[in-house]
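Here are my notes for you, set out as numbered points. Please read them with the structure open beside you.

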Amino acid sequence: MSNENTRFGTHFGCMDGRCQAEAISLAKATFGVDAIDNITEPGIDGILAGADHPLLSSEKRTELVAWIRDKAGVSVNGHQSTQALITGHCDCKGNPVDLESHMDHLRAARLEVMGWGIFAEVRTAVFDEKFGLKILD
């Protein structure tokens, strides 16, 4: 598949392999694109939301958000992605919180990513306790 005709979107998700395929499939269908640039970190919804993270100090989280933003810039500038999906999931080892907290983190993460001003559209979705995936906004 040539890059020239490929339409890209961007996915920000946890590194957990249980979530990857379905989240990418949802992003492709939601945005009507051919390919997804997948940016992963353990507990990425919490990281982008500025929540306490069991693996990161506040200073390291700030650095990681900048690194995630730089990766998003590659997607936007290199692949002309204009749409992003952020996902979170229950039973996350990087962001071990309940479903309601994940949904709160996703809302805050969406505001963070929208604030970068590089995507025309930012959506969120969450995997519940049974790993059912639903779009939040």
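1. Let us begin with one residue. Val113 is buried, since its relative accessible area is 0% and the cut-off for buried is under 20%. Please keep in mind throughout that this is a predicted model.

2. Where does Val113 sit? Val113 belongs to helix α4. Leaving aside residues up to four places away in sequence, Val113 touches Phe12, Leu48, Ile86, Phe119 and Val122. For Ile86, which is 27 residues from Val113 along the chain, the separation of the two C-alpha atoms is 9.0 Å.

3. The helix itself has the span one would expect. With 17 residues (99-115) at 1.5 Å a residue, α4 should span 24 Å, and its end C-alpha atoms are indeed 24 Å apart. Just after α4 comes Gly117, which has a positive phi of about 70 degrees.

4. Which residues of α4 are buried? They are Leu99, His102, Met103, His105, Leu106, Ala109 and Val113. Viewed down the axis of α4, these buried residues fall within an arc of 160 degrees, so they line one face of the helix. An α-helix has 3.6 residues a turn, so residues three or four places apart point the same way. On the other side of α4 you will find Leu111 and Gly115, which are exposed.

5. What covers that buried face? The cover over the buried residues of α4 includes the strands β1 (8-13), β3 (83-89), β4 (121-127) and β5 (133-135), together with helix α2 (44-49).

6. Now for the sheet. Five strands form an open sheet in the order β2-β1-β3-β4-β5, and their pairing is mixed. Its edge strands are β2 and β5, each of which pairs on one side only. On average, neighbouring strands in this sheet are turned by 25 degrees against each other, direction ignored. Helix α4 packs on the sheet, where it touches β1, β3, β4 and β5; the direction of α4 makes about 165 degrees with that of β4.

7. The pairing of β4 with β5 deserves a look of its own. These two strands run antiparallel and are joined by three bridges. Phe127 has Leu133, in β5, as its bridge partner.

8. Helix α3 can be read in the manner used for α4. Its 22 residues (58-79) should span 32 Å at 1.5 Å a residue, and the end C-alpha atoms lie 31 Å apart, which agrees. The buried residues of α3 are Arg61, Leu64, Val65, Ile68, Ala72, Gly73, Ser75 and Val76. Their cover includes β1, β2, α2 and α4. After α3 comes Gln80, whose phi is positive, near 55 degrees.

9. How many salt bridges does the structure hold? It holds nine. One of them pairs Arg7 with Asp34, with the closest N and O atoms 3.3 Å apart. Arg7 lies in the segment before β1, while Asp34 is in the loop between α1 (20-31) and β2 (35-40), so this pair ties together parts that are 27 residues apart in sequence. Arg7 counts as partly exposed at 47% relative accessibility, and Asp34 counts as partly exposed at 27%.

10. Another salt bridge links Asp16 to Arg18, where the closest N and O atoms are 2.6 Å apart. Buried or exposed: which is Asp16? At 17% relative accessibility, Asp16 counts as buried, because the cut-off is under 20%. Its partner Arg18 is partly exposed, with a relative accessible area of 44%.

11. Glu121 and Arg123 also form a salt bridge, and here the closest N and O atoms are 3.6 Å apart. Glu121 is partly exposed, with a relative accessible area of 28%, and Arg123 counts as partly exposed at 23%. Beyond single pairs, salt bridges that share partners join Asp16, Arg18, Asp91 and Lys93 into one network.

Methods: Residues are numbered from 1 along each chain as its sequence is written. This is a predicted model: local features need pLDDT of at least 70, side-chain atom pairs count only at pLDDT 80 or more; totals for chains, interfaces and linings use all residues. Side-chain values use heavy atoms; hydrogens and water are left out. Helices (H or I, at least four residues) and strands (E, at least two) are DSSP runs, numbered from the N terminus. The expected span of a helix is 1.5 Å times one less than its number of residues. Buried means under 20% relative accessible area, exposed over 50%, partly exposed in between (1.4 Å probe, protein chains only). The arc is that of the directions from the helix axis to the C-beta atoms. Contact means heavy atoms within 4.5 Å. A salt bridge is a side-chain nitrogen of Lys or Arg within 4 Å of a carboxyl oxygen of Asp or Glu. Two strands pair if DSSP finds at least two bridges between them. Axes are lines fitted to C-alpha atoms, for helices over the stretch in contact, and angles run from 0 to 180 degrees between N-to-C directions.
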